[in-house]
Structure formats: structure tokens, C-alpha cells
Amino acid sequence: MKLREIAHSRSGDKGDISNISLIAYDAKDYARLREHATAARVKRHFAGIVAGEVLRYEMPTIAAFNFVARAALGGGVTRSLALDAHGKSLSSLLLEMEIDG
Amino acid sequence: MRTVRIGAGAGFSGDRIEPAVELAERGELDYLVFECLAERTIALAQQARRADPDKGYDPLLDRRMRAVLPAAARNGVSIVTNMGAANPLAAARRIAAIAAELGLPSLKIAAVVGDDVLAALMAVDAEIAEIGAPLSRLGTRVVSANAYLGADAIVTALRAGANVVVTGRTADPALFLGPLIHAFGWRQDDWARLGAGALAGHLLECAGQISGGYFADPPLKSVAGLARLGFPLAEVDEAGGLVVTKLAGSGGAITAATCKEQLLYEIHDPAAYLQPDVIADFSAVVIEEIAPDRVRVSGATGRARPPTLKVSVGYLDGWIGEGQISYAGTGAEARGRLALDIVAERLALTGAAISPLRCDLIGVDALHGARGGSAYEVRARAVGCAGSAIEAARIGEEVEALYTNGPAGGGGVMKSVREVVAVGSAYLRRELAPAEVQFVESDR
């Protein structure tokens, strides 16, 4: 299944760093996300876009995660040649990730 | 327990105007905050100020103030905004002039200055993280250096009776934290309350992004009334408790889900959200829907503020040229690819100094690289960096020349050239960036 079936997301930028949230619609899916949407999996899913490390912060009280990806925005918003220089659409890419149902 | 009602009137410089008017008119607000200053905008504003010493503030300041000041003055709503950009004092004078023109009672307008730290930063020749070298390496390319100020000067201004406080670079949450510190008399080292106040500011600073804007993804996430989206307000109590809501009858929605997305927006470690006034900790925040469009957010705390202020440094970094052209029908992708190959070859053939050059097929691979699927129509996009406007323009010229020299059926060429104002960051000890408040009174 795709992550978008059980979670929603928003991404933001600071310099060349993108942060991408992953929020369970239903708190009962938090453990499943915790097991499958690991930092390593997300880093692989963003291959070709994110050059740096990906960190995952856990937010159990709101059944959510915050992924922080370094070297993710082509050098930062002001110098990037990307169409989506802010990486706003990276949330949609994260939600396309397949996990075991 | 006493509560303060604080609203968000804008979440970026180009934001809609009417939602703020609606809040000023019937929000029963104590404060209305306008966040209008993106990271890079202040460098552009600094350039505007150099061209004209009376300019350098937000270009939409006139429209926003004309729209909102009458209701704000009538209802006793104090306004806090960073629309001063590179010239808060000129902005304050302009607001005073507008108030007088509108025939409003005399208003006290405070300008917060001191965020321009270029001289101090040069004196210590601070390291710029993004270039991995000291500031001096950028030489004459430096346009601006502005520290993210905290809430102190805003509190000073409100304590002196300011009806409007206009700042330059200030940490966005501090625009909200300042009024809360003033209203409740929170101590400067009451880290738990300052952390809670920073949370209120963080949730509100992007205005409509917590009230249903930037959220809709139908059918999974539907939001009604986005064309008349209501901007949010928070009811904050003196212990830092907070309920986010919006006006009845406005569009949008405030739910646990919209609040969660905004809570995590543009933060890194939720346990260490670095602000000039506090290191806020959102790691144990609890979000509860208590009524339709009413969400309680609790559990934020904080610890001692950092000894340094973040500084954003604007510097000139060359030019970017771009051209786009569309292809449609069977073979659109192949013709788009051919078009881009021709542009790249032409630029090389004619010795254009473009580096790097990036080629995208919008509709196929522009956002996330090729991920499968075929498109009926594509837009070929060539974009690259150059040292001058003339070199950068070569990209658009070659894309336009595809009309008569490229693949069949290309249409809708657009081309552009822009100067790059890059943003770097540095840190400065806070005592080297003292903020100061100046007052302007409007005539009635």
C-alpha cells in the first residue's frame, strides 16, 4: 500500500534542508509507520533528489514523524535550478512510497 | 483566567488581504499580526532602499494598511508586522501618513530597528555556513545582513503604548510572542511559557496554512470554501494554554490534522526549535479537537535561549536564464527531449558560458525525476546559471529559436532572466545586535 492511504504530509524548506512530515490519519497506524517508514527507507525513496542524510524524529503524542533531509534542494532555494525550488512537492513523493500492508 | 485573542493577518508578502479585514472587524482581537518577510525578500528590499532612501519596506504595505487600519483603530486592535523589511522607520512614517489620510484618530507607530547587522558581522568576519568561508570572501557581492531579532523590542514598543509595531527581520514566532509577553507580563526567563508562546506563534505565522489552506487533497482531505478561507486566531491564556480557531462563516477548517501539519512545518528537531527568545520544545505537544473549528494545543515547553542570533546574509550570485516550450500529442515526450538536446548543443556550439544547465520535461520528470507514465503533453524547460544577464538570456533565445529551427509543433514559449540573490547564514552574539525602538505619531 501507499503511505497516502494511511497518512498525510507537508514539506517545508530551510536553506538546502527539506523537512517532510508524515502524520497518521489514525493513531493506530503509528506503530506500522514507525516500523516501515524508516529514515533509511525514505532516503532510498528520495534517491536522485536528496544527496545528504535523512533523520527521522518521532512524535508519538500526535502519531507523526518529521523527516529532515540534508542537501535536498539543489543548493538552497535561491540558487536552485529546480522547478520546485522549495521542494514543496516532496510531501507528495513521500506519500507515494509503498509499504507492506 | 484571562485570555488574549491574537490573529494572523498574512502568512507571506503576497497573501490575501480580505481575511485580515474580516479578523479586524469581527474577531474581537487584541492583536493582529502580519508576517510578510521571506528569507530572501530583505535583500531585495535593501537594494530598493539603496535606490530610494524612503523605500525598502513591503510593497503591499499601503494596500494592507488602508484595508485594515480603519477597523483596527475602531476596535482597538494593535498591529504587529515585519513589513518594515529593510526600512522599518520609513514604513512607520508611511503608516502614519495613511492613518492621517484616512482621518483616523492619532496612532502611535513604533519602528523596531537594529536587525541590520552588516557592519557588526563584517567586524567579526563571521563564517558563512553555505559557502564554508568567512563573510569577507564575498567582497562587494554582499547586499545585506540581518539578524533575526526576538520579541524584546516589540514588548518595549507595546509597553510604550504603540498601536502599530513595524519591524524588519524578526523571528516570525516572535511577532506573536512579543504581544503575549507584553499582555501577560511573562518573565524573560520563564522558558516554559515562552516555549508555549513560541508554539502559538509558530502555528499562526503562516496564516491560512493552519485553517485549511495548503491542506486539501480530495477525496482524502477535502476542505470547503478555500476561495474565502478564514485566517486563524488563537485564544491564549496566561499559563500559555492555547486554542486555535477562526471566525464563524469563513471558509476553510481547523482540525487536529491541519494543526499537526502546521506544527511540523519547517521545523527540524521538534524538541529544539531554536528561537531568539527561547529554545522551544514541541516534542510532547498534544492536539485535541474541542468543538468544530476549535483545537486545543498544549504540552509545549522550552529552555534557555541561545547566546547567538541567526543572521541571514544576502549576496549576489550570478544570473539564471530560463526558457520553456510545449509539445503535445503522440511523440510529445520524444520531441520535447529532442528540443532540449538541440538547445544544449546550440549553447555549447555558440560558446555560451552557462554552467550548470538543467533540462526538464515538465509533465514527465521535472519534480521528482522520471517515475513512469506517459504524458499527452509536455513542457520542455531549459534553465542554467551564468555570470551575466546577457549570457543568461542565451538560454531563452535558443528555446525561442526552436519555433523555426526545432522539432514540429512546439508552442507557447516563455523566457526569463533573473539575478540571483543568494542567502547564507551566520551567527552573531546577541549583544552585538541591540534592537532599538523609534516612534512616529500620526496627525489627526
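This is a short conversation about reading a predicted model with chains A and B.

Trainee: Let's begin with chain A. How many helices and strands are there in chain A?

Mentor: Chain A has three helices and five strands. Try following them from the N terminus, where the order is β-β-β-α-α-β-β-α.

Trainee: And how do I judge the overall form? What radius of gyration does chain A have?

Mentor: The idea is to compare the value with that of a compact globule. For 101 residues, such a globule would have a radius of gyration near 13 Å, and chain A has 13 Å, so the two agree. You can also look at the spans of the C-alpha trace of chain A along its principal axes, which are about 40 × 25 × 20 Å.

Trainee: Now the place where the chains meet. How many residues of each chain are in contact?

Mentor: The size of an interface is often given as the accessible area lost when the parts come together. Here we can count residues instead: 27 residues of chain A are in contact with 38 residues of chain B. On the chain B side, several elements each supply at least two residues, among them helix H9 (256-263) and strand E13 (286-291). E19(B) gives the most, with five residues.

Trainee: What classes of residue make up that side of chain B?

Mentor: The side of chain B that touches chain A holds 20 nonpolar, 11 charged and seven polar residues.

Trainee: Next, domains. Into which domains is chain B divided?

Mentor: Domain 1 of chain B covers 3-116 + 146-312 + 433-441, and domain 2 covers 313-425. Their C-alpha centres lie 38 Å apart. Where they touch, domain 1 of chain B provides nine residues and domain 2 of chain B provides five. On the domain 1 side, the largest share comes from H2(B), with four residues. By class, that side has four nonpolar, two polar and three charged residues.

Trainee: Finally, a pair of helices. At roughly what angle do the axes of H6 and H7 of chain B cross?

Mentor: Look along residues 152-159 for H6 and 172-184 for H7 in chain B: the axes come within 8 Å and cross at roughly 45°. H6(B) and H7(B) are therefore oblique to each other, and the crossing is right-handed.

Trainee: Which residues meet there?

Mentor: From H6(B) come Ile154(B), Val155(B), Leu158(B) and Arg159(B), and they meet Ala174(B), Gly178(B), Pro179(B), Ile181(B) and His182(B) of H7(B). The residues of this contact divide into six nonpolar, two polar and one charged.

Conventions
Residues are numbered from 1 along each chain as its sequence is written. Chains are lettered from A and ligands numbered from 1 in the order in which they are written. This is a predicted model: local features need pLDDT of at least 70, side-chain atom pairs count only at pLDDT 80 or more; totals for chains, interfaces and linings use all residues. Two residues are in contact if their C-beta atoms, placed from the backbone, lie within 7 Å. Ala, Val, Leu, Ile, Met, Phe, Trp, Tyr, Cys and Pro count as nonpolar, Asp, Glu, Lys and Arg as charged, and the others, Gly among them, as polar. Domain bounds come from an automatic or database domain assignment. Axes are lines fitted to C-alpha atoms, for helices over the stretch in contact, and angles run from 0 to 180 degrees between N-to-C directions. Angles under 35 degrees count as roughly parallel, over 145 as roughly antiparallel, 65 to 115 as roughly perpendicular and the rest as oblique. A crossing is left-handed if the near helix is turned anticlockwise from the far one by less than a right angle, and right-handed if clockwise. The radius of gyration is taken over C-alpha atoms; the globule rule is 2.2 Å times the number of residues to the power 0.38.
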